[in-house]
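User: Please go through this structure with me. I would like to know how each label is justified.

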Amino acid sequence: MESLDELNGTVNIEVKDSNHPDIWSVEGIARSLRGFLGKRQNKQPTVAGMSSLKVTIDKRVRPIRPFIACAIVKNVRPSEEALKSWIALQDKMDQTYGRKRKKASIGLYQADMVESPLKYTVAKPGEASFAPLGSEEKMTLSEIVDKHPKGREYGAILSGFKEWAVLVDGEDKILSLPPVIHSNDLGRITVGTKNILVEVTGTNIETVHNTLKIVVTALSERGGQIYSCIETYQTGQPRKLVTPDLQPGTAVLSVSYTNRLLGTELGTSQVIRLLERASFHSSLKGRDVLQVRIPCYRLDIMHQVDLVEEVAIALDLNKLEPQWPQLWTPGGLAEETDRIDTVAELMVGMGFQELLTYSLTSPESLEQKMRSPHTRLVELKNPKMTTLTALRNRLLPSLMEFLSNNTHVDYPQKVFEIGACAIPEGETVGHVFHQNVVGAVTVHANAGFTEIRACLDALLNSIGVDFKITPDTHPSFLEGRFGEITSGGKSLGMIGELHPQVIKAWGLNLPAAAFELNLAYKETGVPALDRAC
């Protein structure tokens, strides 16, 4: 509760439980408080009957927005405050549970003005037209998406399709362009509206049906009666669905499990009373087990631990006696992190600046710019950017990219990074081996093999690794200024002066020397790396 105005009789409440959509409205909060305050027992919502409204779903909406669920709530008499509450609930459900209207969106209409049957069909954006909510002027669907505020906000959901889903009544009047905007003629609810048509469209049938339950049960708290609708899907073999389904679910709760989690000694009758206070009807199923009826709008109850939480809230969390854990578990750095920190500290001590770059890069950075031959990379199946399509298999390209973006900084520049590199493992797709690597680069007018070799000597000698440099060749490095780092016959990495073409490819104008050292000590078999890295 944020504030209480006793003079005007208002309470401001901030609802932070995003997993509890049934209390995202004034009606839902009132329903929950009735149980806790013991005013009266909440009745299970029921369907009063079948409405005369029929809904037909065109098979062409399947790739666009395939699901719809409808219901009519009759005999509601909304006040201005009620309308504000419903609009807030609609927006909250659309933005969160409906994933910004991508999975589900809600429409409210004056049911008395809608002629049966409803047709959930498609239309061409430049041909169909209606007056969107808040406007008296008719606009084509494409104009609504281009000009209307809601069209600009949600039009991207539809823009990839040649035809868009529309909801049309029996007189061919367009009710809405889901999930963008409703009709100003049929979709404007006022204080004089008595019967309300609720429709939910979306891409996930469970989300669509659950959203409908939340909305119609909230409206029914204002005294309305819920009437169901029949939706006929014409994809393949026609099938009919009746919505909403307000049947309660069932779950079992162990009393001993409840006491064990809460540290209490509650009896069966006490747990039943506490569940009743939380608006759950329960009965004894066995010696220690309760059968609990879950209201259709309680979408958050998935496991008996959720019911234990309801018992704890009904009991009052402040009354529970806190207990220290019986098992002492001290915290600390993981061994691998501690070892990496040792190497990082040594590099910083030699005047290098530590970097943290992206693991994602591109084949161009890994191969073309480094003059390296093509190798098998771990590439993304559906990359979003052409510059981030593969996981790096070495660190030097990441360091060179950083240096290329910082040519305006004074030299010398000495940078290093310790990070994971991804190597494909075997021929099976998806099998990847990650190894920690330390890479270092020094760039200035006099950078050369002697300087970078001195840094490598200081690093490996400090952690007790006996090594040697074997002269070799590599396309990324100058011939005669490159060597392989080995220890006990195992390859640890590479060191040398970078080739002028590599330096030019990255937009640098000064000599650069670098080394890469594999810290995957279990793979190298070097005991000193095991101890220190």
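The questions and answers below set values against definitions.

User: What should I know before reading any values?

Analyst: This is a predicted model, in which local features need pLDDT of at least 70 and side-chain atom pairs count only at pLDDT 80 or more, while totals for chains, interfaces and linings use all residues. Residues are numbered from 1 along each chain as its sequence is written, and side-chain values use heavy atoms, with hydrogens and water left out.

User: How many helices and strands does the protein chain have, and what makes a run count as one?

Analyst: The protein chain has 15 helices and 27 strands. Both are DSSP runs numbered from the N terminus: a helix is H or I over at least four residues, a strand is E over at least two.

User: What is the radius of gyration of the protein chain, and what is it set against?

Analyst: The protein chain has 33 Å, whereas a compact globule of 533 residues would have a value near 24 Å. The radius is taken over C-alpha atoms, and the globule rule is 2.2 Å times the number of residues to the power 0.38. Along the principal axes, the C-alpha atoms fill a box of roughly 90 × 70 × 55 Å.

User: How do you know whether cysteine 229 is in a disulfide?

Analyst: A disulfide is a pair of cysteine sulfur atoms within 2.5 Å. A search of the whole structure finds 0 disulfides. For cysteine 229, the nearest cysteine sulfur is that of cysteine 70, 5.5 Å away, so by the cut-off of 2.5 Å cysteine 229 is in no disulfide.

User: Are cysteine 229 and cysteine 421 called buried or exposed, and why?

Analyst: Buried means under 20% relative accessible area, exposed over 50%, and partly exposed in between (1.4 Å probe, protein chains only). Cysteine 229 is at 0% relative accessibility, so it counts as buried. Cysteine 421 is also at 0%, and therefore counts as buried. Over the protein chain, buried residues make up 47% of the 533 residues.

User: Why is threonine 232 given the label it has, buried or exposed?

Analyst: Threonine 232 has a relative accessible area of 17%, so it is buried. This residue lies in strand β13 (residues 225-233).

User: What is threonine 232 in contact with?

Analyst: Contact means heavy atoms within 4.5 Å. Leaving aside neighbours within four places in sequence, threonine 232 is in contact with Val55, Thr56, Ile57, Arg239 and Lys240.

User: What is notable about phi in arginine 101 and arginine 371?

Analyst: Arginine 101 has a positive phi of about 70° although it is not a glycine. Phi of arginine 371 is near 60°, again a positive value in a residue other than glycine. Arginine 101 is in the loop between α2 (80-97) and β5 (104-110), and arginine 371 is in the loop between α10 (363-368) and β20 (378-379).

User: Why is arginine 101 called buried and arginine 371 partly exposed?

Analyst: Arginine 101 has a relative accessible area of 10%, so it is buried. Arginine 371 is at 31%, and therefore counts as partly exposed.

User: Which peptide bonds are cis, and what is omega there?

Analyst: Among them is the bond from proline 178 to proline 179, with omega near 0°. The bond from threonine 243 to proline 244 is also cis, with omega near 0°. Proline 179 is in the loop between β10 (174-177) and β11 (181-182), and proline 244 is in the loop between β14 (239-243) and β15 (249-254).
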